[in-house]
Amino acid sequence: MEKQTLYKIEETYIELIRQVEDAEGEITDEINEQLEINETQLQSKSIAYLSVIKSKEAFTMQIDDEIKRLQALKRQNSNVVSYLKNRLLNAVNLFGAFEVGFTKFSTRKSESLIVDDVNALPKVFKVIKVTEQADKMAIKKAIKDGQKVKGCSIQENKNLKINY
C-alpha cells in the first residue's frame with residue numbers, strides 16, 4: 001500500500017466528496033467505506049503530526065533554556081575576566097610595569113570623552129540616530145584643537161596592556 005501523507009489523504013478525500021456531489025449527494029457503501037478509512041488515516045496522521053509538533057516545541061523550549069543558561073555563564077565569565085584584569089591593572093599601578101617570562105604587564109594611556117548633557121551640545125557635535133547621542137569623535141577633536149564644549153571634558157584612562 002502506498003504511504004499516505006496528509007496531502008494525499010486530503011486529495012483523496014476531496015475526490016471522494018466530488019464523487020458524492022456528482023452522484024447528487026448519494027453516498028454509496030463503497031464511498032462510505034473509503035471515507036471512513038481516510039478519516040482514520042487523517043486522524044492517525046494528525047496525531048503523529050501533533051506528536052512531532054509537541055516534541056519540536058519542547059525541544060525549542062530546551063534550546064531557549066540552554067541559551068539563557070549560556071548567557072548567564074557568559075556574563076559570569078566576563079565578570080571574572082573584568083575582575084582579574086582590574087586586579088592586574090591595580091598591581092601595575094602599584095608596582096609599575098613588570099615582566100614574567102616573555103609576558104610584559106604595563107599600562108598605556110588612552111582617552112575617553114565624557115558628555116554630561118547631550119541636549120546642551122551645539123548641533124554640530126550631535127549625531128542624530130534613532131536616539132540622540134553625542135558625536136564624541138567631533139567633540140574630542142574640537143577640545144583637542146582648543147575649543148571649549150560645554151559639559152564635556154577629556155578624561156585620561158589607564159588600560160591594562162598584555163604583550164605576548
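In which helix is the place of Glu30? Select residues 29–95 and you have helix α2, where Glu30 is found; helices here are DSSP runs of H or I with at least four residues, strands are runs of E with at least two, and both are numbered from the N terminus.

Before going further, keep in mind that this is a predicted model, in which local features need a pLDDT of at least 70 and side-chain atom pairs count only at pLDDT 80 or more, while totals for chains, interfaces and linings use all residues. Residues are numbered from 1 along each chain as its sequence is written, and side-chain values use heavy atoms, with hydrogens and water left out.

**Colour by confidence**

Colour the protein by pLDDT, the predictor's confidence in each residue on a scale from 0 to 100: the average is 86, and 92% of the residues score at least 70. Confidence is lowest in helix α1 (residues 6–22), with a mean of 75, and highest in helix α3 (residues 136–144), with a mean of 95. Where pLDDT is low, the predicted coordinates should not be read in detail.

**Helix α2 and its patches**

Return to Glu30 and add Asp29, Glu33, Glu36 and Glu39 to the selection, since these five residues form a negative surface patch because of how patches are defined: members have over 30% relative accessible area and no salt bridge, with like charges joined within 9 Å and nonpolar side chains (Val, Leu, Ile, Met, Phe, Trp, Tyr) joined within 5 Å. Lys and Arg count as positive and Asp and Glu as negative, whereas His and the chain ends are not counted; the place of a charge is taken as NZ of Lys, CZ of Arg, CG of Asp or CD of Glu. Glu30 itself is exposed, at a relative accessible area of 57%, where buried means under 20%, exposed over 50% and partly exposed in between (1.4 Å probe, protein chains only).

Next select Ile47, Tyr49, Leu50 and Ile53, a nonpolar surface patch with about 400 Å² of accessible area together; such areas come from the Shrake-Rupley method with a 1.4 Å probe, and for residues only the protein chains shown count as cover. Ile53 lies in helix α2 and is partly exposed, with a relative accessible area of 44%.

**Salt bridges**

Now display the charged side chains. A salt bridge is a side-chain nitrogen of Lys or Arg within 4 Å of a carboxyl oxygen of Asp or Glu, and by this rule the count comes to eight.

Begin with Asp22 and Arg18, whose closest N and O atoms are 2.5 Å apart; the two residues are four apart in helix α1, so about one helical turn separates them. Asp22 is exposed at 55% relative accessibility, while Arg18 is partly exposed at 38%. Adding Glu15 to the selection shows a network of salt bridges that links Glu15, Arg18 and Asp22.

Then centre on Lys140 and Glu111, a salt bridge with its closest N and O atoms 3.7 Å apart. Lys140 lies in helix α3 and Glu111 in strand β2 (residues 103–115), so this pair ties together parts that are 29 residues apart in sequence. Lys140 is partly exposed at 23% relative accessibility, and Glu111 is likewise partly exposed, at 32%.

A further stop is the salt bridge between Asp145 and Lys141, at 3.1 Å from N to O, where Asp145 is exposed at 58% relative accessible area and Lys141 is exposed at 53%.

**Two distances to draw**

Finally, draw a C-alpha to C-alpha distance from Ile17, in helix α1, to Asp117: the two are 100 residues apart along the chain and separated by 73 Å. Repeat this for Lys161, in strand β5 (residues 152–163), and Glu39, which are 122 residues apart in sequence and 72 Å apart in space. Ile17 is partly exposed at 29% relative accessibility, and Lys161 is partly exposed at 32%.
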